[in-house]
Amino acid sequence: MTINQVGEGAAPRAGRREWIALAVLLLPLLLVSMDTSVLLYAVPFITRQLHPSSTQQLWMYDVYGFVLAGLLITMGAVGDRIGRRRLLLIGAFFFSVASLGAAYAGNAGELIAARAVQGVAGATLMPSTLALIRNLFHDEGQRRKAIGVWTGGMMGGIMLGPVISGVLLDHFFWGSVFLINLPFMVMLLALGPVLLPEYRSPQTGRFDLLGAVLSFGAVLPAIFGVSEIAENGTDPIRLAAVAVGLVMGALFLLRQRKAAHPMLELRLFRSRGYSGALSTNLLGTFALLGNAIFLTQFLQSVLGMSPLTAALWSLVPSLGVGAVIGLCGALVKVFDRAFIIAGCFFVMLGGYCVQATLLRADSHMWVLMIGAALLACGAVGVMTIGNELLMSAIPPERAGSAGAVNETVGELGGALGMAVLGSIGAAVYRHHIPAGVPVGARSTLGGAVAVAANQPSASAAAQLLKSARVAFTDSLNSVSVVGAVLMGLAALLTAIILRGVTLADTAAPAEAQGRTNAVADTATPVAQPQS
């Protein structure tokens, strides 16, 4: 046997087969995460080939993330019903087909359609990977390590996307950024049926189609509106999109309260472990991704790096992630998880303090790297322990939908971080830019770089860039002060609210837990792991 019993009443321990299965699960996780950022460098190449309009260019990049976020909750519920491995493999097949279609798209419309299908398929992959970890690893310590690897893999995919895109575009045609998905998805389709067990919820009620529509109608406009506000500022359409999302979200929650077989088990939110984990994950992604937009601009527009060089340097802050995951695993044996998460928030606070007090326009890049590294390591710690609490707080048959909620919260946290911190940074930049600077340079640092390129003299261009870079660094200092305050509050609230919560008492409320125990005796995995 690969799953070993360690004693009567003890959780079974995973063996070699389960750890190999985890490696297989990392394949779709890495690719779905990469595809959120892989087009960063490919857009100019695609523009020269397909000649999209400005609106089409925006949708080529954004439609993938919008569709993925909008369908996560629905696909999590589908996986609980039809089987998580089955949904994972179906998603892998269609993700491969869509990647092939995107690579050889003949016009902008075809590429947008292929990216939309990628988003649908990606929504099937993300919640299935986390849910299957809940089913593969029953031992507390092993599940914590597996979730840490999953968290690191997700962040690694986001960071590797631009680097891999840059390398491929230096040697191959633009469609190669999509073709890279195919060999990995073929490996998943070949190895998944052999190594991954099948799990599904035994409930037989009708699928809540209305709930699925309301879920999509809540998440998609909200993510769209917040992301657009972060990038382009407020206007009536973007504010209306957020309002529509909030209204649809309220209707979705009302539907879940009345549905006989809801997609989302609202009683789970009574668990401090579940609701607390979602809150800490939201704050962690808020801080990390909200700072990432400033990191990229500082490397490229302040320090003058090429996009590929900046992407390579942006990997440096993640080098300590593996050590943080191991350290968290050791600390939970001694300290309350609430205090560990609070400590990780304090590490993030330290990263913001470095940026707020030490970073200047002429600073060495290592000052920025140290601040970003503290933010990355702290965020990984927050999400590793948070995901462990989350997956321990749910009944096994709800792992798919609960994992999807976690992913949706992460998408929302990232969008909010970019919107809130980005808006503060833009306001400070405009305040600090000198009055005599041309209009095109007064809104963003990128605009200042573009205006400087058209200045009549080198000295005028240099002076404009210097003023813009100082103003941008001032905006990053101010944003970091706000981030530090938020992280301090997050640490305090986490220590108070989650204090005393353990894996033994994070389970669902009694009513839901009783149903779970009854199900556990009758639900047999379709493909139980064997040695």
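This tour goes through a predicted model, starting with its confidence and then turning to a surface patch and a buried side chain.

Begin by colouring the chain by pLDDT, which averages 78 over the protein, with 87% of the residues scoring at least 70. Select helix H14, residues 337-357, where confidence is highest at a mean of 92, and then helix H19, residues 510-520, where confidence is lowest at a mean of 40. Next take residues 1-9, a stretch with pLDDT below 50 that nevertheless has 21 contacts in the model beyond near neighbours in sequence. Residues 507-531 also have a pLDDT below 50, and this stretch has 41 contacts beyond near neighbours in sequence. Where pLDDT is low, the predicted coordinates should not be read in detail.

Now move to the surface and select Ile 90, Phe 93, Phe 94, Val 97 and Val 117, which together make a nonpolar patch of about 420 Å². Show helix H4, residues 84-103, alongside them, since this helix gives the most to the patch, with four residues. Within helix H4, pick out Phe 93, which counts as partly exposed because its relative accessibility is 45%.

For the last stop, select Met 154 in helix H6, which spans residues 140-171. Met 154 counts as buried because its relative accessible area is 13%, under the 20% cut-off. Displaying its surroundings, and leaving aside neighbours within four places in sequence, you will find Met 154 in contact with Leu 29, Ser 33, Met 126 and Glu 407. Finally, draw a C-alpha to C-alpha distance from Met 154 to Leu 31: the two residues are 9.0 Å apart in space, although 123 residues separate them in sequence.

How values were computed:
Residues numbered from 1 in each chain as written. Predicted model: local features only at pLDDT ≥ 70, side-chain atom pairs only at ≥ 80, totals over all residues. Heavy atoms only, no water. Patch = residues over 30% accessible without salt bridge, like charges linked within 9 Å, V, L, I, M, F, W, Y side chains within 5 Å. Areas by Shrake-Rupley, 256 points an atom, 1.4 Å probe, with all protein chains shown as cover. Salt bridge = Lys/Arg side-chain N within 4 Å of Asp/Glu carboxyl O. Helix = DSSP H or I, 4+ residues; strand = E, 2+ residues; numbered from the N terminus. Buried < 20%, exposed > 50% of the residue type's maximum accessible area, 1.4 Å probe, protein only. Contact = heavy atoms within 4.5 Å. pLDDT = per-residue confidence, 0-100.
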